[in-house]
Each structure stands twice: as structure tokens, then as C-alpha cells.
Amino acid sequence: SPAARFQARAQGLRLIPAEMDVEALFLSRTYRRVRRDATFSLEGRIWEVPVALRGREIQVHYDPFTWKRVDLYLQGQKVGRAHPCDKQLNARWFNEKPDEPF
């Protein structure tokens, strides 16, 4: 019977740890370069990222169906999540002159 056949081969199965993020295994992945205004484009949408990632190439893990999750990775380490870009706020933020000298 199918149940007996499954039982006979079940010894090689491994259980997934409870703390493992299984959803992350099924996310689509791609590489993008972050623009100077701390944004990148993905499938016609603009996303904001932390300012520290400007000019860097990042790996983006995302769900192309719901867009609820857009994770950012830099050199294999998760560095945060992207958020949909608010164009007016983004333009205002990067047009202002910083007060501190460089």
C-alpha cells in the first residue's frame, strides 16, 4: 500500500527545524545596484533601502505575487528590508544639504 511504501522510505527524511524561515526558501532572487538616492527598481516598482547601501550591489529576495516581503542581502548577510518608495519624501530628503562637513 502507499502508506507502507512511504513508511519504508521515511527513514531518510529530515525534519525542518521549528525556527527555520521556510517562506524565505521560496522567494525569488535577483541582483540590483542601489542608486545614489538609496532606491532601486524591481519589476517596474521603486523601492527604498537604507542609505548605507548607496552605490552597492545587493541581492534582493522577494515574493513577486504579494510584494509583502522584499529582503536585502549584502555579501550573503541579511541587511534589512526594502519599502515602497515615497517619491515626494525621497526627493525632499536627498535635495537638502547636510549640516555636517565631509
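With which residue does R69 form a salt bridge, and how far apart are the closest N and O atoms? In this predicted model, the partner is D71, and the closest N and O atoms are 2.8 Å apart. Let's start from that pair and then visit the core, the aromatic rings and two polar residues.

**Salt bridges**
- The count comes to five salt bridges.
- R69 also meets E23, side chain to side chain, in a salt bridge of 3.6 Å from N to O. R69 sits in the loop between β4 and β5 and E23 in the loop between α1 (2–9) and β1 (28–33), so this pair ties together parts 46 residues apart in sequence.
- The two partners differ in exposure: R69 is buried, with a relative accessible area of 8%, while E23 is partly exposed at 47%.
- D71 is buried too, at 0% relative accessibility, and the side chain of R81 meets the side chain of D71 in a salt bridge (2.9 Å, N to O). That pair links distant parts of the chain, with R81 in strand β6 (residues 77–81) and D71 in strand β5, ten residues apart.
- R81 counts as partly exposed, at 39% relative accessibility.
- Through shared partners, salt bridges join D21, E23, R69, D71, K78 and R81 into one network.

**Nonpolar core**
- The largest nonpolar core has 15 residues, and the members touching the most others are F40, V49, I58, V60, V70 and L72. Strands β2 (39–42), β4 (57–62) and β5 (70–74) each supply at least two residues of this core.
- Leaving aside residues up to four places away in sequence, V70 touches F40, W47, V60, H61, Y62, G80, R81 and A82.

**Aromatic rings**
- The whole structure holds two aromatic pairs. In one of them, Y62 and W67 are stacked, at 5.4 Å centre to centre and with 10° between the planes.
- Both partners are buried: Y62 has a relative accessible area of 8% and W67 one of 13%.
- W47 joins Y62 and W67 in one aromatic cluster.

**Two polar residues to look at**
- D63, in the loop between β4 and β5, is buried yet has no salt bridge. Its nearest side chain of opposite charge, K68, is 7.7 Å away, so the pair falls outside the 4 Å cut-off for a salt bridge.
- The side chain of D63 does reach the backbone nitrogen of F65, at 3.1 Å. Not counting residues up to four places away in sequence, D63 touches L27 and R69.
- T39, in strand β2, is buried with a relative accessible area of 1%, and its side chain makes a polar contact with the side chain of D37 (2.6 Å).

Definitions and conventions:
Residues numbered from 1 in each chain as written. Predicted model: local features only at pLDDT ≥ 70, side-chain atom pairs only at ≥ 80, totals over all residues. Heavy atoms only, no water. Core = buried A, V, L, I, M, F, W, Y, C linked by side-chain atoms within 4.5 Å. Buried < 20%, exposed > 50% of the residue type's maximum accessible area, 1.4 Å probe, protein only. Helix = DSSP H or I, 4+ residues; strand = E, 2+ residues; numbered from the N terminus. Contact = heavy atoms within 4.5 Å. Lys, Arg positive; Asp, Glu negative; His and termini not counted. Polar contact = N/O pair within 3.5 Å; in protein donor to acceptor, adjacent residues only side chain to side chain. Phe/Tyr/Trp six-rings, centres within 6.5 Å; stacked < 30°, edge-to-face > 60°.
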